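User: I'm new to reading protein models, and I'd like a close look at one small part of this one. Could you walk me through it in plain language?

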Amino acid sequence: LAPGSAGEIAPTPRKALMNLSTRVSLLKFNPDAQILVMGSQLKKGALRVVHVGSGTVFSNWPTSKTPLNYVSSADISSSSSALAMGNDRGKVLLYRFIHYS
């Protein structure tokens, strides 16, 4: 936090994540806040996974071949070992985080 005008404390962003080209409609942290999933319903395949500590967006997933379609919801399991996503086709896709398994 940095002092603003009149001595008020004004929050400043630690990092701006510019990896989505449309409005963000989904943000979900895993239970210990190490991973952030962000997505947009407005574009096919618009979902990114971020390692919060380093601010790194995983570039190797999802790929252009990952069948996400338009993601409308997502959640991470309590053990952080799985990511579930619902899409516009009425499907729930389940992926495993190998690092947390």
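User: Leaving aside its neighbours within four places in sequence, which residues is alanine 84 in contact with?

Analyst: Sure! One thing to keep in mind at the start: this is a predicted model.

Let's find your residue. Alanine 84 sits in strand S8, which covers residues 82-87. Once you skip the neighbours within four places in sequence, alanine 84 is in contact with Ser73, Ala74, Asp75, Val92, Leu93 and Leu94. Ser73, Ala74 and Asp75 on that list fall in strand S7, which spans 71-76.

Is alanine 84 buried or exposed? It's in between: its relative accessible area is 25%, and buried means under 20%, so alanine 84 counts as partly exposed. For a feel of distance, take leucine 26: it is 58 residues away from alanine 84 in sequence, and the two C-alpha atoms are 13 Å apart in space.

Now let's look along the strand. Asparagine 87 also lies in S8. With a relative accessible area of 8%, which is under the 20% cut-off, asparagine 87 is buried. Its contacts, again leaving out neighbours within four places, are Pro67, Leu68, Asn69, Tyr70, Val71, Ser72 and Leu93. Leu93 turns up for alanine 84 too.

Then there's methionine 85. Not counting residues up to four places away, methionine 85 touches Leu47, Trp61, Leu68, Val71, Ser73, Ala74, Lys91, Val92, Leu93 and Tyr95.

That brings us to the nonpolar cores. In soluble globular proteins, nonpolar side chains tend to be buried together. Here, the largest nonpolar core has 13 residues, and Met85 is among those with the most contacts inside it, along with Val37, Leu47 and Leu83. Strands S4, S5, S7 and S8 each give two or more residues to this core, and S7 supplies the largest share, with 3 residues. There's also a second, separate core of 6 residues, which includes Leu20, Met38, Ala46 and Val50.

Finally, a word about the sheet that S4 and S5 belong to. It's an open sheet of 4 strands, in the order S3-S4-S5-S6, with antiparallel pairing. Its edge strands are S3 (26-29) and S6 (56-57), each pairing on one side only. Between S3 and S4 (residues 35-39) there are 4 bridges, and the two strands run antiparallel. One pair to look for is leucine 27 with its bridge partner in S4, methionine 38; Met38 is also part of that second core.

Conventions:
Residues are numbered from 1 along each chain as its sequence is written. This is a predicted model: local features need pLDDT of at least 70, side-chain atom pairs count only at pLDDT 80 or more; totals for chains, interfaces and linings use all residues. Side-chain values use heavy atoms; hydrogens and water are left out. Two strands pair if DSSP finds at least two bridges between them. A nonpolar core is a set of buried Ala, Val, Leu, Ile, Met, Phe, Trp, Tyr and Cys residues joined through side-chain atoms within 4.5 Å. Buried means under 20% relative accessible area, exposed over 50%, partly exposed in between (1.4 Å probe, protein chains only). Contact means heavy atoms within 4.5 Å.
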